[in-house]
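Please look over the sequence and the structure shown here before reading the report below.

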Amino acid sequence: MFYFDEINGKQILKSDILKDANAFFTTRDICICDKGNPTTNSNLPQSGKEDIKNNKKIIADYLKISEKNLLSPEQTHSANIDIAIDSKYNYPDTDALILTKKSLGIFLNFADCTPIILYDEKQNIGAIAHAGWRGTAQKIAPLTIEKMIKDFGSKPKNIVAVIGPAIGFCCYDVGQEVYEKLSKTVRNFNNLFEIREGKIFVDLKNINKCQLKEIGVEKIDVCPYCTVHNNDLFYSYRNENATTKRHSAILKLKDYQIL
């Protein structure tokens, strides 16, 4: 179940199934990413930069790490996965980041796409995946788990998955090509799409849930908030005319080893 908490009076969103890691989603209260305008290469005004810098410091202090150790990749809607390591600050063309170091924190950024936090309760390692329709079609969340299995010995039954705020089934209409690609990613797609007034709507959050279940993840919490309908809380690329601001999924491991 999801619930709201606060950092320095700023609202964040947590799931109660993730008790053994510092994991949460930011809201509009505490934005730590604004891409500016990529078409004009315009920079943010100084006030915007200061707000983001201050918010990152607030979060880093809350996680008890240095700001430089709060890492984020350059997301490109790929299915590329990397591992966060000390003294490496650039992760280009990366849409899932695995965390094994207790001294680091990671965050990925979203504005309608599906954020997925994964946490291995036995190994005390985790990951965040960025699953827009492209990432979902490429099964980025299961691929991330496969890498956790291969590289670190994780077992799906020990992994908790939290699917965060994203555009909901209520609002996400797609074209035929996207529908066809998504329909091939799970065994039973019948309850994950609907035709309404000639438009195809898909349930991106629950497509990802089904992918996770099919790889063996048993504990999954799906956020009820739609970024379009709950635009007062979260950013929506579709609903805000391609906003450059993002809310974030954040993860830091616990400092103790879980037995």
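The report that follows describes one helix and then one of its residues.

This is a predicted model, and the part of interest is helix H5, which runs over residues 204-215. At 1.5 Å a residue, its 12 residues should span 16 Å, and this agrees with the end C-alpha atoms, which are 17 Å apart. The buried residues in H5 are Leu-204, Lys-205, Ile-207, Asn-208, Gln-211 and Leu-212. Because they cover an arc of only 165° around the axis, these residues are on the same side of H5. Just after the helix comes Gly-216, which takes a positive phi of about 110°.

Among the residues of this helix, Lys-205 deserves a separate description. Lys-205 has its place in helix H5, and with a relative accessible area of 6% this residue counts as buried, because buried means under 20%. When residues up to four places away in sequence are not counted, Lys-205 touches Thr-114, Ile-163, Gly-164, Ala-166, Ile-167, Gly-168, Val-222, Cys-223, Pro-224, Tyr-225 and Cys-226. One of these, Gly-164, is 41 residues apart from Lys-205 along the chain, yet the C-alpha atoms of the two are separated by 8.2 Å.

The side chain of Lys-205 also has polar partners, and the table gives the distances.

| Side chain | Partner atom | Distance |
|---|---|---|
| Lys-205 | backbone oxygen of Cys-223 | 2.8 Å |
| Lys-205 | backbone oxygen of Tyr-225 | 2.9 Å |

Both Cys-223 and Tyr-225 are also included in the residues that Lys-205 touches.

Technical notes
Residues numbered from 1 in each chain as written. Predicted model: local features only at pLDDT ≥ 70, side-chain atom pairs only at ≥ 80, totals over all residues. Heavy atoms only, no water. Helix = DSSP H or I, 4+ residues; strand = E, 2+ residues; numbered from the N terminus. Expected span 1.5 Å × (residues − 1). Buried < 20%, exposed > 50% of the residue type's maximum accessible area, 1.4 Å probe, protein only. Arc of directions from axis to C-beta. Contact = heavy atoms within 4.5 Å. Polar contact = N/O pair within 3.5 Å; in protein donor to acceptor, adjacent residues only side chain to side chain.
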